[in-house]
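Reader: Hey, I'm new to this one and would like a walk through it. Can I show you what I'm looking at and fire off some questions?

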Amino acid sequence: MSFASVLSIMISCIFVENFVLVKFYGICPFLGVSKKMSGSVGMGLAVIFVMTISSLITHAVDVFLLIPFEITYLRTIAFILIIAALVQVVEMFLHKFVPALYSSLGIYLPLITTNCAVLGSALVISQKGAEWGFIEAVLYGAFSGVGFMMALVIFSSVRERLEFSPCPKTFEGLPRTLIAAGLVAMAFMGFSGLKIF
Amino acid sequence: MSKKNPYSLAATLKRGIITENPTLVQTLGMCPSLAISTSVINGLGMGLSVTVILICSNVIISLLRKLIPDRIRIAAYITIIAGFVMAIEMLLKAYLPDISASLGIFIPLIVVNCIILARAEAFASKNTVYRSFKDGLATGLGFTFALVIISAIRELLGSGKLLGFPVLGASYPDATLFLMAPGAFLVLGFVVAVFRKLNTKKEGK
């Protein structure tokens with residue numbers, strides 16, 4: 001694993017194929033939690049945390065269990081159960097051993113089970129198949145999480161300003177948020193086609 | 001309106017498609033409605049797949065509503081939903097390989113579509129089987145309706161076609177932006193605004 005390929009995965013996950021703004025995974029928390037900057041930082045950290053671990057575990061289950069026994073059609077159900085269990089375990093672990101972190105991430109953790117970014121990254125990794133090793137899988141999960149958090153933080157600062165600007169009544173709330181998201185996504189289009197190697 | 005049975009088929013359909021449309025009013029299940037709405041065929045494929053899964057999962061969850069312990073109900077719902085999603089995934093791959101390829105990863109991601117889980121939690125776990133069946137049908141059709149509107153606008157503006165047939169003529173310059181990510185957000189934003197305007201106008205009368 002060379003430094004160049006690490007850098008390539010990083011740039012591609014965070015900018016070129018940003019999970020939220022380019023690939024549309026995890027739109028629900030993106031629209032739901034991005035009202036306040038503090039909330040989006042908490043959610044972002046929780047997602048990075050869970051996505052890194054879940055990429056590792058789902059990849060291990062895929063390589064050692066599903067592929068050798070030729071039961072890859074069970075992928076969806078296996079992955080979602082792993083993620084649900086993992087989120088529960090992480091929640092209990094943090095509650096017991098790192099209460100400070102738990103109190104700041106706590107309310108966001110249960111929401112992560114139904115965050116399609118986590119299942120999405122596990123499925124994308126599984127589509128790469130056995131050609132991806134564990135390091136690539138973990139890096140992909142972690143940097144996709146970073147991309148998610150970056151989009152969330154950028155967008156919540158846009159929304160914090162939006163709150164105080166006048167707007168026609170019909171467009172208040174969701175329509176205005178979506179149109180702002182469209183403009184942010186347009187900025188991210190500038191990265192498309194960016195390749196290092 | 002108040003005298004009518006709120007659980008009749010007509011009332012349920014009206015609620016699912018218009019007044020409580022899952023995508024345009026309740027804003028659930030945003031990921032698929034943004035990601036795969038690039039052509040009407042995709043929108044229909046996704047909408048109808050979700051409708052079938054929603055009906056099946058609503059019926060099964062409603063049947064089991066007295067058996068599932070309260071504490072693990074979410075895990076049980078997700079397992080039931082995932083089972084149907086896998087069945088649909090394999091059926092699409094076998095009989096409609098084109099749609100399966102263009103929807104790609106968003107078929108397995110139906111598992112985490114909040115519409116299905118929301119209906120399971122809010123409706124099917126509390127109501128009879130027949131009512132849950134109607135609710136699944138109505139909500140699924142509402143989702144399909146929203147997807148078809150969004151994807152029709154995007155396909156028309158983005159490539160000048162509708163259902164794959166050229167509509168706007170050869171001189172139309174393709175606004176490819178509408179087929180890409182920003183176009184999805186913009187179109188959905190305007191559709192939600194227009195839908196809300198129409199809904200409030202109706203209520204005002």
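Reader: Let's start with Glu121(B): which residue does it form a salt bridge with?

Author: Before anything else, keep in mind that this is a predicted model. Glu121(B) pairs with Arg73(B), and the closest N and O atoms are 2.8 Å apart.

Reader: Ok, and where do those two sit in the chain?

Author: Glu121(B) is in helix 6 of chain B and Arg73(B) is in helix 4 of chain B, so the salt bridge ties together parts that are 48 residues apart in sequence.

Reader: Which residues are linked with Arg73(B) in a network of salt bridges?

Author: The network links Asp70(B), Arg73(B) and Glu121(B). In the Asp70(B) to Arg73(B) salt bridge, the closest N and O atoms are 3.7 Å apart.

Reader: Is Asp70(B) buried or exposed?

Author: Asp70(B) is exposed, because its relative accessible area is 57% and the cut-off for exposed is over 50%. Arg73(B) is partly exposed at 25%, and Glu121(B) is partly exposed too, at 27%.

Reader: How many salt bridges does the structure hold over all chains?

Author: There are 5 over all chains. One of them joins the side chains of Arg75(A) and Asp62(A), at 3.0 Å from N to O. Arg75(A) lies in helix 4 (residues 75–97) of chain A and Asp62(A) in helix 3 of chain A, so this pair ties together parts 13 residues apart in sequence.

Reader: Are Arg75(A) and Asp62(A) buried or exposed?

Author: Arg75(A) and Asp62(A) are both buried.

Reader: Switching to the interface. How many salt bridges are there across chain B and chain A?

Author: The count across that interface is 0. As for polar contacts, 3 residue pairs make them between chain B and chain A, with both residues at pLDDT 80 or more.

Reader: So how many residues are in contact there?

Author: On the chain B side 35 residues are in contact with 37 residues of chain A. The two chains bury about 3,100 Å² between them, and 86% of that is on carbon and sulfur atoms.

Reader: Which three residues supply more of the area that chain B buries than any other three?

Author: Those are Ile105(B), Val112(B) and Phe185(B), which supply 21% of the area chain B buries against chain A.

Reader: And which helices of chain B supply at least two residues each to that side?

Author: Helix 2 (30–35), helix 4 (73–95), helix 6 (114–124) and helix 8 (181–204) of chain B each do. Helix 8 of chain B gives the largest share of the side that touches chain A, with 12 residues.

Reader: New topic: where is Thr23(B)?

Author: Thr23(B) is in the loop between helix 1 (9–19) and helix 2 of chain B. Its relative accessibility is 0%, so Thr23(B) counts as buried.

Reader: What does Thr23(B) touch?

Author: Leaving out residues up to four places away in sequence, Thr23(B) touches Leu28(B), Met30(B), Ser33(B), Ile115(B), Phe143(B) and Ala146(B).

Reader: Last one, about the surface. Which residues make the nonpolar patch?

Author: Leu56(A), Ile57(A), Phe64(A) and Phe134(A) make a nonpolar surface patch of about 340 Å². Helix 3 (residues 37–66) of chain A gives the largest share of the patch, 3 residues. Phe134(A) lies in helix 8 (residues 134–162) of chain A.

Reader: How accessible is Phe134(A)?

Author: Phe134(A) is partly exposed, with a relative accessible area of 30%.

Conventions
Residues numbered from 1 in each chain as written. Chains lettered and ligands numbered in written order. Predicted model: local features only at pLDDT ≥ 70, side-chain atom pairs only at ≥ 80, totals over all residues. Heavy atoms only, no water. Patch = residues over 30% accessible without salt bridge, like charges linked within 9 Å, V, L, I, M, F, W, Y side chains within 5 Å. Areas by Shrake-Rupley, 256 points an atom, 1.4 Å probe, with all protein chains shown as cover. Salt bridge = Lys/Arg side-chain N within 4 Å of Asp/Glu carboxyl O. Helix = DSSP H or I, 4+ residues; strand = E, 2+ residues; numbered from the N terminus. Buried < 20%, exposed > 50% of the residue type's maximum accessible area, 1.4 Å probe, protein only. Contact = heavy atoms within 4.5 Å. Buried area = accessible area lost by both parts, 1.4 Å probe. Polar contact = N/O pair within 3.5 Å; in protein donor to acceptor, adjacent residues only side chain to side chain.
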